[in-house]
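Me: I would like to go through this structure and ask for the reason behind each label. Please set each value against its cut-off before concluding.

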Amino acid sequence: MAKADIFTGDFQDSQLSNAEIINRRRVINGFDDGLMQVSPLKHPWAYEIFNTMIQNTWVPQEIPMQQDVSMWEDPNGLTETEKNVYERSLAFVSNLDGLQTNNLACNIIRHITSPEIVLAIARQTYEEALHVQSYATLVEALALDPERVYGLYRTDQDLYEKNKSVLESVNKIASPTFETGTFETDQMFLEACIGNVILEGIYFYSAFLIFYVLRRNGKMAGSAEMIQFINRDEDNHLKLFIHISNTIKAEQPELWTADFQELILENIRNAVDMEYQWGASCVGEGMLGLTKGNLRQYLEFVGDMRCLALGLPKQYNAENPFPWIDEFTQGAMIEVNFFEGTVREYQSGTLEW
Ligand SMILES: [Fe+2]
Ligand SMILES: [Fe+2]
């Protein structure tokens, strides 16, 4: 039953108890009166992620940028290549967060029939908007030319193709007439959820890497701190969509056919290839130890982790060429099994995660 249907007829004395309503709850295609009853819960992991997100509340204005401003203006601060890579990475993550804000609000949330998952996605949507604001904060602080950041996709074919490809996968379920409830559309929705795992867990991670490489070399510390806050949020978004995908699989196991698994693996391999092409166009002949070769290896390592998290076999068996990245992500990179994650202490406005 769709959310709206329950209040369309005349009043009839209660036919369903709360327990029955919750027992009929599913990620998609469940019974949902649309009134967001979140106690008790059917999908407690979503509520836990929602609570963690709230504890992680931060704002970009908190992050000191003066050091970055001085370094950006200093002729000996960053090389031209480094500045170029910085701006391209910023353009890319800004485009990604922008389209993800719209994707969650317009394409994903309306099909979810579990209120606790709706809560978490609503919070995620806010966080993506906060990330859009964070990149604007960087553009303003460094007095970057908005044309070179927001306008880059109009002049740079690599970025245009990349955005086009991300949007094509997102737009498969974007039609206002798209509805879940058939084998075919439920598979499409599951593919879109795994598309979110790819977006949150492969595309963003390569751009973050570039900011961490700069930071590790003593450059743009404020920007890297901002990215760490964003990365902490994205880590929760990744967990959320891995749980959503795996729970749809558990609730509707008929969707997870051998052909469909092959399609998902192909999507992941394509994402790794596409991300490599983009990253290679950014790093060119190399920057501060980051080369096309170790970038490729890193993306393969990240791709393998996403496969494992979805219950699929590794495709590359790649080792992480940047184990130091753990300093910045504090374990998020190596956490393969999200169902057995260790408990960490969270606190608002700090990076203890
Ligand atoms: Fe984001
Ligand atoms: Fe995200």
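**Labels and their grounds**

Reply: From the N terminus on, the elements of the protein chain run α-α-α-α-α-α-α-α-α-α-α-α-α. The count is 13 helices and 0 strands. The model is a predicted one.

Me: How do you know which part of the predicted chain has low confidence?

Reply: By pLDDT, which runs from 0 to 100. The protein chain averages 90, and 92% of the residues score at least 70. Over residues 333-347, however, pLDDT stays under 50. The model has 20 contacts beyond four places in sequence for that stretch. Where pLDDT is low, the predicted coordinates should not be read in detail.

Me: What makes the radius of gyration of the protein chain agree with that of a compact globule?

Reply: A compact globule of 353 residues would have a radius of gyration near 20 Å, and the protein chain has 21 Å, so the two agree. Along the principal axes, the C-alpha atoms fill a box of roughly 75 × 40 × 40 Å. Buried residues account for 41% of the 353 residues. Of the contacts between residues at least 6 apart in sequence, 75% join residues at least 24 apart.

Me: How do you know that the reach of helix α8 is close to the expected one?

Reply: Helix α8 covers residues 157-170, which is 14 residues. At 1.5 Å a residue 20 Å is expected, and the first and last C-alpha atoms of α8 are 20 Å apart.

Me: Why are the buried residues of α8 said to line one face of the helix?

Reply: The buried residues are Lys162, Val166 and Val170. Seen down the axis of α8, they fall within an arc of 75°, so they line one face. An α-helix has 3.6 residues a turn, so residues three or four places apart point the same way. On the other side of α8, the exposed residues are Gln157, Lys164 and Glu168.

Me: What covers the buried residues of α8?

Reply: The cover includes α4 (80-108), α9 (183-216) and α11 (258-283).

Me: Why is valine 170 called buried?

Reply: The label needs 20 or more other C-beta atoms within 10 Å. Valine 170, in helix α8, has 21 such neighbours, so it counts as buried. Beyond four places in sequence, valine 170 is in contact with Leu99, Asn103, Asn107 and Gly195. Aspartate 97 is 73 residues from valine 170 in sequence, with 13 Å between their C-alpha atoms.

Me: Why does alanine 141 count as buried or partly exposed?

Reply: Buried starts at 20 neighbours, and exposed means 12 or fewer. Alanine 141 has 19 C-beta neighbours inside 10 Å, so it counts as partly exposed. The residue belongs to helix α5 (residues 115-141). Alanine 141 touches Met65, Asp68 and Val69, leaving out residues up to four places away in sequence. The C-alpha atoms of alanine 141 and proline 64 are 9.9 Å apart, against 77 residues in sequence.

Me: What makes the peptide bond from serine 39 to proline 40 cis?

Reply: Its omega is near 0°. Proline 40 is in the loop between α1 (18-23) and α2 (44-55).

Me: What makes the phi of methionine 220 worth listing?

Reply: Phi of methionine 220 is near 60°, a positive value in a residue other than glycine. Most residues other than glycine have a negative phi, and most peptide bonds are trans. Methionine 220 lies in the loop between α9 and α10 (221-251). With 25 other C-beta atoms within 10 Å, methionine 220 reaches the cut-off of 20, so it is buried.

Me: Where is leucine 288, and is it buried or partly exposed?

Reply: Leucine 288 is in the loop between α11 and α12 (292-309). It has 17 other C-beta atoms within 10 Å, which lies between the limits of 12 and 20, so leucine 288 is partly exposed. Phi of leucine 288 is near 50°, again a positive value in a residue other than glycine. Apart from neighbours within four places in sequence, leucine 288 is in contact with Val213, Leu214 and Asn217. Leucine 288 and glutamate 82 are 206 residues apart along the chain, and 8.8 Å separates their C-alpha atoms.

Methods
Residues are numbered from 1 along each chain as its sequence is written. Chains are lettered from A and ligands numbered from 1 in the order in which they are written. This is a predicted model: local features need pLDDT of at least 70, side-chain atom pairs count only at pLDDT 80 or more; totals for chains, interfaces and linings use all residues. Helices (H or I, at least four residues) and strands (E, at least two) are DSSP runs, numbered from the N terminus. The expected span of a helix is 1.5 Å times one less than its number of residues. The arc is that of the directions from the helix axis to the C-beta atoms. Two residues are in contact if their C-beta atoms, placed from the backbone, lie within 7 Å. The radius of gyration is taken over C-alpha atoms; the globule rule is 2.2 Å times the number of residues to the power 0.38.
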